[in-house]
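Reader: Hi! I have a protein model open and I'd like to talk it through. Could you walk me around it?

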Amino acid sequence: MASVKDAIEEMIEESYLLGLSEDEIREDFRRFIDTCYTVIQANVKNREAISGLAEDLAREKTCILIADHSVEEEAEFDAAEGEVKDPQEAFAEKVARRKRMILKAIADYDPQLVRLIDEQRFQGEIKEVVRPKFKLRTGYNWEHHRQLLLKFGYATTVVLIILLIYLGFIQSP
């Protein structure tokens with residue numbers, strides 16, 4: 001189940017990266033590494049773990065930059081689909097795979113860190129919605145008057161019926 005989830009998340013990440021240029025992909029990966037490093041520095045207290053995770057992040061950053069330069073001019077052959085991949089597509093796939101591997105390595109240390117990294121990564125500028133302030137016009141309460149008018153009508157009807165009954169008894173000889 002976890003591998004399916006990882007594959008889906010990698011495909012989502014890859015599809016996002018395919019919409020970016022190569023420079024934007026590199027910049028996104030640098031931001032990702034910086035975000036990981038910031039979250040690790042802020043939340044991990046064990047110095048050994050910090051240095052180990054930071055070393056892994058630096059290695060991944062270096063690997064992807066080296067791979068970036070070697071992939072720039074080459075097209076990659078995809079054996080599973082039997083077609084030649086665009087260099088940018090291959091690069092986006094490698095970056096997405098590296099991101100998932102980094103998150104998996106961090107999750108091995110503390111899964112809570114992955115959640116914090118994702119929150120930090122996908123946090124956008126939150127703009128509070130300013131709703132216009134207006135007063136509801138308090139109109140006249142016609143419902144109250146309608147109720148009073150109905151009560152008055154019922155009372156008048158009852159009085160009139162009693163009066164007719166009384167007049168009927170008076171006229172009977």
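**A walk around the model**

Author: Happy to! Let's start at A105, which lies in helix α4. This is a predicted model, where local features need pLDDT of at least 70 and side-chain atom pairs count only at pLDDT 80 or more, while totals for chains, interfaces and linings use all residues. Residues are numbered from 1 along each chain as its sequence is written, and side-chain values use heavy atoms, with hydrogens and water left out.

Reader: Is A105 buried or exposed?

Author: A105 is partly exposed, with a relative accessible area of 33%. Buried means under 20% relative accessible area, exposed means over 50%, and partly exposed is in between (1.4 Å probe, protein chains only). The C-alpha atom of A105 is 9.8 Å from that of L57, and these residues are 48 apart along the chain.

Reader: Cool. How many helices and strands are there?

Author: The protein has 6 helices and 2 strands. Helices (H or I, at least four residues) and strands (E, at least two) are DSSP runs, numbered from the N terminus. Along the sequence, the pattern reads α-α-α-β-β-α-α-α.

Reader: And how much of the protein counts as buried?

Author: That is 25% of its 173 residues.

Reader: Back to α4. What about A90 and R98?

Author: A90 and R98 are both found in helix α4. A90 counts as buried, at 2% relative accessibility, whereas R98 is partly exposed at 24%. R98 is 38 residues from E60 in sequence, and their C-alpha atoms are 7.2 Å apart in space. For A90 and E14, the C-alpha separation is 9.6 Å, with their positions 76 residues apart along the chain.

Reader: Where is E14, and what does E14 touch?

Author: E14 lies in helix α1, residues 2-18. E14 is buried, with a relative accessible area of 15%. Leaving out residues up to four places away in sequence, E14 touches E89, A92, E93 and A96. Contact here means heavy atoms within 4.5 Å.

Reader: What does L17 touch?

Author: With the same sequence neighbours left out, up to four places away, L17 touches I25, D28, A92, V95, A96 and K99.

Reader: Let's switch to helix pairs. How do α2 and α4 sit together?

Author: Their axes come within 10 Å and cross at roughly 5 degrees. Axes are lines fitted to C-alpha atoms, for helices over the stretch in contact, and angles run from 0 to 180 degrees between N-to-C directions. α2 and α4 are therefore roughly parallel to each other. Angles under 35 degrees count as roughly parallel, over 145 as roughly antiparallel, 65 to 115 as roughly perpendicular, and the rest as oblique.

Reader: Which residues make that contact?

Author: On α2, they include I25, F29 and F32, and on α4 they include F91, V95 and I102. The residues of this contact divide into 12 nonpolar, 1 polar and 5 charged. Ala, Val, Leu, Ile, Met, Phe, Trp, Tyr, Cys and Pro count as nonpolar, Asp, Glu, Lys and Arg as charged, and the others, Gly among them, as polar.

Reader: What angle do α4 and α5 make?

Author: They pack at about 135 degrees, with axes 6 Å apart. That makes α4 oblique to α5. Among the residues in contact are L103 and I106 of α4, and V114 and I117 of α5. This contact divides into 8 nonpolar, no polar and 3 charged residues.

Reader: Which residues of α5 are buried?

Author: In α5, residues 111-121, the buried ones are L113, V114 and I117. Seen down the axis of α5, they fall within an arc of 100 degrees, so they line one face of the helix. The arc is that of the directions from the helix axis to the C-beta atoms. These buried residues pack against α2 (22-43) and α4 (87-109).

Reader: Last one: how many residues are in the largest nonpolar core?

Author: The largest nonpolar core has 22 residues, and those with the most contacts inside it include L17, F32, I102 and I117. α2, α3 (47-71), α4 and α5 each supply at least two of its residues. Such a core is a set of buried Ala, Val, Leu, Ile, Met, Phe, Trp, Tyr and Cys residues joined through side-chain atoms within 4.5 Å.
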